[in-house]
Amino acid sequence: MQFDLHMIDVVIIVVYFIFMVSIGLYFAGKNEDAQDYFLAGRRMVWPLVGFSLFASQISSTTLVGLAGDAYSTGISVYNYEWMSAVLMAFFAVFLLPLYLKSQVYTMPEYLERRYDGRARTYFAILTLFLNIVLDTAGSLFAGALIMKLIWPDIPIWQTIAVLAVVAGAYTIIGGLSAVMITDVIQAVLLIIGSTVIAVFAFAEAGGWANIVATVDPERLSLIRPMGDPGMPWLGLVLGVPLLGFYFWCTNQFMVQRVLGAKNIQHGRWGALLAGFLKLPVLFLMVLPGTAAIILYPELERPDLVFPTLMFDLLPVGILGLVLAGFMAALMSQIDSTLNSASTLVTMDFIRRRHPEFSSEKLMKVGRYITFVFMLFAVLWAPQIEKFGSLFKYLQQVLAYGVPPVVCLFLFGTFWSRANSQGSFATIVVGIVSAVILFIANEIVGATSIHFLLVAPTIFAFCCVAMVGVSLATPPPDAEAVAQYLWTRDTYSQESAELAGTPWYANYRILSMAIVLIAAALVVWLW
């Protein structure tokens, strides 16, 4: 199949790139200090928070990965999406108010306040590693994959370099304000583009009725048997919530948007908006991959599903708009991860080592660090080509790396007895068990545990370490940890604050609505 772009499509994409960089230039003069640069001055309203969260997660890697997995293994990949909607409701109810009240810049900084500096250093290093090796590099590779289809003679590393420079430009210049404003534009483009592709794909495949009649029923089921290679049901129950909790509730490049909210209510409404926007992903990004089973039964690799749908089904002009939407998704995750990585290094390492640095100097340091991480991502991204499936690469890395983090945040939020000694034991046990399992599972081949079961296995070891060591050592100072705990008193106080609030502004009602819609979708496609 030929992947050719008409000049009209090229012009649309170029105009889009120029527009994005222009926004960065505009916001460059708006940043006066570190709070402006890293947290948008803590003045973002809920639509900006919600659309930015959605655009940052529904990246080019997600577009390519969701359609590809739906094509190769079935729609069970959508379990990540509806679960993330449920987790955003959980996040809005329990964790978000604690984060915002703490007035921290980073999530590692939050862990230090709850435990100690060891937890902060560990999580900062882990997050930086995942941001560059996983998030930014993955997005660059997915974007380069599309560009290679159009210009096959250009080496993939050159394409990655160009994409990184364009995405990094407005991030370095404009900070989080530029990132969040561009994310809103990118989210709208992304939704429009995905809708157009879905409509064309369903029409060409003969509609939903023909898809149901033609495609293997197992590929149209969300709940899969234990032997399923993509998502065994036990992995859905135990593994997906753990990976999703890390990504949505503790990951710096996601939570940073919420930290920039003007108050707790705007943060909550924004988080719930992002959760709600995850639910239609089934129709816009997953099921088109299922339709591709009928349209293109012999594709060389699943990562080609989304670009094939774009170039084969869309006419001139519309293709340019949709491709701009794809590039929007690419830019959204790259700008998010670069900005969060810069925040982590500046606030968790530079500021701790040089407390005398002014806020303005920290902002300048953050710009330099963003540029350095952009270079690192460019160097690593071509290595992802060695993995068979982009989405598989993303989830496997998370499965081994994040269980200790989930343990630290959950126990730190809901168990007052969790202390610094327990947190350090959790980190050590998590690292050791992850290394052992990785060697046995991925290198030696002595075991063949599905990665969605690897995560809960490591998590179980971490929980034992946390409980055992915390109980065997003195409890933390009750007054010091009180503001980082969610208790029944917290619920009672918030209930009083919600008295008289209309239903459409009540975060509890909105959270329950999201959970019920997600449950209905699961029952429908059980």
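A nonpolar patch on the surface of this predicted model is formed by Ile431, Val435, Phe438, Ile439, Ile443 and Val444, which together have about 540 Å² of accessible area. Helix α14, by contrast, is mostly covered, and the count of disulfides comes to zero.

**Surface patch and helix α19**
- Val435, one of the residues that form the nonpolar patch, is found in helix α19, which is made up of residues 420–444.
- The relative accessible area of Val435 is 44%, so this residue is classed as partly exposed, between the limits of 20% and 50%.
- As general background to such a patch, residues three or four places apart in an α-helix point the same way, because the helix has 3.6 residues a turn.

**Helix α14**
- Helix α14 spans residues 305–313, and eight of its nine residues are buried.
- The buried residues of α14 are Val305, Phe306, Pro307, Thr308, Leu309, Met310, Phe311 and Leu313.

**Cysteines**
- With a disulfide taken as a pair of cysteine sulfur atoms within 2.5 Å, the model has zero disulfides.
- Cys462 is in no disulfide, and the nearest cysteine sulfur, which belongs to Cys407, is 5.5 Å away.
- Cys462 counts as buried because its relative accessibility is 0%.
- For Cys463, the closest cysteine sulfur is also that of Cys407, but the separation of 4.1 Å is too far for a bond because the cut-off is 2.5 Å.
- Cys463 has a relative accessibility of 16% and therefore counts as buried, the limit being under 20%.

Note on methods:
Residues numbered from 1 in each chain as written. Predicted model: local features only at pLDDT ≥ 70, side-chain atom pairs only at ≥ 80, totals over all residues. Heavy atoms only, no water. Patch = residues over 30% accessible without salt bridge, like charges linked within 9 Å, V, L, I, M, F, W, Y side chains within 5 Å. Areas by Shrake-Rupley, 256 points an atom, 1.4 Å probe, with all protein chains shown as cover. Salt bridge = Lys/Arg side-chain N within 4 Å of Asp/Glu carboxyl O. Helix = DSSP H or I, 4+ residues; strand = E, 2+ residues; numbered from the N terminus. Buried < 20%, exposed > 50% of the residue type's maximum accessible area, 1.4 Å probe, protein only.
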